[in-house]
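Reader: I am new to this structure and would like a close look at one part of it, with the rest described around that part. Could you take me through it slowly?

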Amino acid sequence: MTNNKIYILGERALVLEITQGSLSQEQQSKLFALHAWMRDQKAFIDIVPAKTTITGYLMHSQDPEYWLDKMQDAWQNIKPESYEPTVHTILTHYGKHFGPDLESVASLTGLSQSQVVELHSQCSYQVKFLGFLPGFAYLGELNSQLHLPRLDSPRTHVPKGSVAIAQDLTAVYPSESPGGWRLIGHTDTALFNHNLDSPSILQPGDVVKFIPSTEGIC
């Protein structure tokens, strides 16, 4: 059984914390289902999911004790199978100037560039949590044949839309930024729009599928 605790943090933040180690897929789905429930309540000005926690910041007029009880009831009654993820497809151009690290990734893994693209694009990835940049989604799990550490020296400039890998994760840079992930491709799909009620297009629990461009490795 999952060990967890729900508590009030400060004047108007509520935290659910999973106190065990790694989560099973069933437990992860339940966490995503709770996140969806919190969004539907329209009582939080911000919800911050992490790997094993969710923090919800209540509006000034809300009663934290009341919502603590509501959140505890929701967590106890939510069924993991009730969560239905949104699926996103991301058209990706791989290699050359779109993915300047694809060649070195192939060399380091002992694969051809086409095999790297195939392994990266054949998986469906789940958004584990958001962080680093607004709209930056950590996607897992990357095929074990592609596991590589971050670059020894991060780039000072990574273009918006860069598709990258690091360790057991993949991601898309939603905006220009410094970064140390290995760049294998690029997409024109916009993943962050500050004009939307939910600016991040990708939300925790969503599923992402990378679709290689029909042009092949550019």
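Author: Glu141 is a good place to begin, and it is found in the loop that runs between β7 (137–140) and β8 (155–158). Please keep in mind throughout that this is a predicted model. The peptide bond joining Gly140 to Glu141 is cis, with omega at about 5 degrees, and Gly140 is itself the residue at which β7 (137–140) ends.

Other loops have backbone details of their own. In the loop between β5 (87–94) and α3 (102–109) lies Lys96, which has a positive phi of about 50 degrees although it is not a glycine. Lys96 counts as exposed, because its relative accessibility is 58% and the term applies to values over 50%. Gln167, placed in the loop between β9 (162–166) and β10 (169–172), likewise is not a glycine and yet has a positive phi, here of about 55 degrees. Its relative accessibility is 42%, so Gln167 counts as partly exposed, a term for values between the limits of 20% and 50%.

To set the loop of Glu141 in its wider surroundings, it helps to turn to the domains. The domain assignment divides the protein chain into domain 1 (4–77) and domain 2 (87–212), and eight residues from domain 1 and nine residues from domain 2 take part in the contact between them. The centres of the two domains, taken over C-alpha atoms, are separated by 28 Å. Between them, domain 1 and domain 2 bury about 670 Å², and carbon and sulfur atoms account for 57% of that area. On the side of domain 1, Phe32, Arg39 and Pro49 supply 60% of the area buried against domain 2, which is more than any other three residues supply. As for charged pairs across this boundary, the count of salt bridges between domain 1 and domain 2 is zero.

One further feature belongs to the surface. Ile45, Val48 and Tyr57 form a nonpolar patch there, and together they have about 250 Å² of accessible area. Within this patch, Ile45 has its place in strand β3 (residues 44–49), and because its relative accessibility is 53%, Ile45 counts as exposed.

To return to the part we began with, the cis peptide bond joins Gly140 and Glu141, and Glu141 lies in the loop that leads from β7 (137–140) to β8 (155–158).

Conventions:
Residues are numbered from 1 along each chain as its sequence is written. This is a predicted model: local features need pLDDT of at least 70, side-chain atom pairs count only at pLDDT 80 or more; totals for chains, interfaces and linings use all residues. Side-chain values use heavy atoms; hydrogens and water are left out. Patches are made of residues with over 30% relative accessible area and no salt bridge: like charges are joined within 9 Å, nonpolar side chains (Val, Leu, Ile, Met, Phe, Trp, Tyr) within 5 Å. Accessible areas come from the Shrake-Rupley method with a 1.4 Å probe; for residues, only the protein chains shown count as cover. A salt bridge is a side-chain nitrogen of Lys or Arg within 4 Å of a carboxyl oxygen of Asp or Glu. Helices (H or I, at least four residues) and strands (E, at least two) are DSSP runs, numbered from the N terminus. Buried means under 20% relative accessible area, exposed over 50%, partly exposed in between (1.4 Å probe, protein chains only). Domain bounds come from an automatic or database domain assignment. Contact means heavy atoms within 4.5 Å. Buried area is the accessible area (1.4 Å probe) that two parts lose on being put together, summed over both.
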